[in-house]
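Student: I'm new to this one and would like a close look at a single part. Could you pick a spot where two pieces of the chain meet and walk me through it?

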Amino acid sequence: MNSATTSFLPNYIRGEWVASKATEHLDVSNPATGELLARTPISPKEEVDLAVKAATAAFQEWRRTPVTERIQYLIKLKNLLEEHCEDIARTITIECGKTLAESRGEMRRAIENVEVASGAPILLQGDFSEDISSGIDEIMIRQPLGVCAAICPFNFPAMIPFWFMPYAIATGNTYIIKPSERVPLTMQKVIGLIHQTGLPSGVLNLVHGSRETVDAILDHPGIRAVSFVGSTAVAKHVYARAAASGKRAQCQGGAKNPILVLPDADFEMSTRIIADSAFGCAGQRCLAASLVITVGNARKPFTEAIVETAASRVVGNGLDEKVHMGPVISPQSRERIESLIEKGVHQGATALVDGRNTRIDGLGKGSFIRPTILDNLSPQHEITGTEIFGPVLGLVHLDSIDDAIEFVNSGRYGNMACLFTSSGAHARRFRYEADVGNIGINVGVAAPMAFFPFSGAKESFFGDLHGQGRHAIEFFTQTKVVVERWPKEWSRKF
Ligand code: NAD
C-alpha cells in the first residue's frame, strides 16, 4: 500500500496500516503551492488504546530479545534510510517547505541518531562494584520502562522522532509516535521502511492526530513515558498532565535565541553564519537566531552587512535547488508572523528589510515571507522576548558584554545562545555564564550531534533528561540495584 498517496492517512498499529475511524480530519497542504496533499485523521482515544494494547503485547518478548539482536533492526533501518534519503528529503520539502538541502541535512541528523542508538550494547551497560562490604557485591542494571510515546512538532518531521525512537527501541521498550498533524507524510514513509526491516509487530506504532490524541496519550495508564517537542505552552501542558498520570516526561519547548556579536568578531564570517541561522528553514528552527545583540562598535559593520545579506536571499519553492529559503508552514503562520512584525514596527522598531506581502511568481498560494530585519529593539519591547518562529531577525545594540550577558540571562527561554568573537577570554566567560542549554562560539546553530544531549533550559525544556545520546538511554530505562551476598562456606565440594 502506498500510504503516502492516500488522502485519508492510516495509522500503523500491530505491524499493519489501519484506517482510522476518526470523524474529523485536518488538511495537509504543500506550503509552497497550497496544493492539498493528504488528510490527517484526528484519531480518537480508542485508537490510542489500540496502539497501547499492541505495544503492551509486544513488550515482554521484545525486552527479552537480546540487545545485540534488537539493534540489527536499527542497522537495517539505517541502510534503508540511506537508500531512500533523497525520496524522504523531497517529502519533507513538499509538506514542510524547507529547501531540499535543508531536508537532506535533516535526514543526516535522523540517521546519526540511528547510528548512535545502535551502540546500545555498550550504552546500556550497568555498573558493578565488588566487595562493597565484606563478601558483598553491588550491581546496577538498566531495564526498559515498557510502552513509551513521542509527540512531535511540524518543523523537523524526520529528525525529531529520531531523537527518541531508536533509543527507546534499542533499550527494549515498545513505542508509539504521534507526528505533527501538519506534516504526517514523512513519518508515514519512514514507518514504511521500518516495516521492511521486519521489526516485530507492535514494537513500533504510529497514531495520527492532534490535541485530543495527545491528551489520550497523556492520560493512558499503559504508557510509561512521554517525549514531547513543540511550543512552550503545550510543553507545559504535556509535562503537567503526563506527571499527573505518573509518567516520566521530557518536554522541549519554544525558544528566542540571542546571538552576541563583539567588535573583535570576523564580520564577514559572522554575517554569513548568522544569516543562515536566522533565515535557514525560514526561521522555523528551535535553534534559529532570532536576536542579534551587537556590542559597542560592532553595531555599524554588522548591521550594514546583515541587511545586504538578508535582502539578497532567494525565496521560493524549496524543491528548486537555486532557492535559499522556502515558505513558512501555513497561511495562518504567515499572518501571525506578519502581525508580529507589524506590532514590532508599531512599538518603535525599524524594519530595515521588510519581508511582508511577499508574492512569488507562479506560487500565488504559497505562504512566503522574505527575510526581515527589525532594528532598534530594546529589552523593553514585548516583541524582543516573543518567539516569532519565522524569518525575522531583531537587532539590539548594547554597550558592553556585561549588559549583553545580563540581557541573555533575562530571557524566559534557554534553548541556545551564541557568541561571535576572536577573544578566547570572552568566549570562556560567555560559555560559563550564559544560562542556556546549547552554546555556540562562532557557530550560529549549536545543534548537538546525536551522541550529545539536545539540551535546553528554562522555558525551553521541562524535565531532567534530554533527547539523544546517553540522556536518551537513561530516559528510556529504569535502574535496578542488586546487592548480593554469596558466602564462601556455601561452596559445594564436587
Ligand atoms: P505545537 O506546540 O503547536 O505542536 C506540537 C505537538 O503538540 C503537535 O504534535 C500537536 O499535535 C500537539 N499539540 C498542539 N496543541 C496542543 C494542545 N493544546 N494540547 C495537546 N497537544 C497539542 O508546536 P509546532 O507549531 O508544531 O512546532 C513549533 C514549536 O516547536 C516552536 O515553538 C519551536 O520552538 C518548538 N520546537 C522546539 C524544539 C526544541 O528542541 N526545543 C525543537 C523543535 C521545535
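Tutor: Here is a walk through the place where two domains meet, followed by a stop at one threonine.

Keep in mind that this is a predicted model. The domain assignment splits the protein into domain 1 (3–253 + 460–481) and domain 2 (257–441). Notice that domain 1 is written as two stretches of the chain. Where they touch, 22 residues come from domain 1 and 27 residues from domain 2. If you place a point at the C-alpha centre of each domain, the two points lie 31 Å apart.

How much area gets buried between domain 1 and domain 2? It's about 2000 Å², and carbon and sulfur atoms give 59% of that. On the domain 1 side, look for Pro-31, Ala-32 and Ser-460: this trio supplies 25% of the area that domain 1 buries against domain 2, more than any other three residues.

Now for the charged and polar links. The rule finds one salt bridge across the interface of domain 1 and domain 2. To see a salt bridge up close, zoom in on Glu-321 and Arg-104, whose side chains meet at 3.0 Å, N to O. As for polar contacts, seven residue pairs are counted between the two domains, with both partners at pLDDT 80 or more.

Which helices help build the domain 1 side? Helix 3 (85–96) and helix 4 (100–117) each supply at least two residues there. Helix 3 gives the most, with five residues. Sort the residues on this side by kind and you get eight nonpolar, eight polar and six charged.

Let's finish with that threonine, Thr-358. You'll find Thr-358 in the loop between strand 14 (350–353) and strand 15 (372–375). Is Thr-358 buried or exposed? Its relative accessible area is 5%, so Thr-358 counts as buried, the cut-off being under 20%.

The side chain of Thr-358 has polar partners in the backbone. It reaches the backbone oxygen of Gly-355 at 2.6 Å, and a polar atom of the Thr-358 side chain lies 3.0 Å from the backbone nitrogen of Arg-370. Leaving out residues up to four places away in sequence, Thr-358 touches Phe-368, Ile-369 and Arg-370, so Arg-370 turns up both as a contact and as a polar partner. One last pair to try is Thr-358 and Val-315: they're 43 residues apart in sequence, while their C-alpha atoms are 9.3 Å apart in space.

Technical notes:
Residues numbered from 1 in each chain as written. Predicted model: local features only at pLDDT ≥ 70, side-chain atom pairs only at ≥ 80, totals over all residues. Heavy atoms only, no water. Helix = DSSP H or I, 4+ residues; strand = E, 2+ residues; numbered from the N terminus. Buried < 20%, exposed > 50% of the residue type's maximum accessible area, 1.4 Å probe, protein only. Polar contact = N/O pair within 3.5 Å; in protein donor to acceptor, adjacent residues only side chain to side chain. Contact = heavy atoms within 4.5 Å. Domains from an automatic or database assignment. Buried area = accessible area lost by both parts, 1.4 Å probe. Salt bridge = Lys/Arg side-chain N within 4 Å of Asp/Glu carboxyl O. Nonpolar A, V, L, I, M, F, W, Y, C, P; charged D, E, K, R; others polar.
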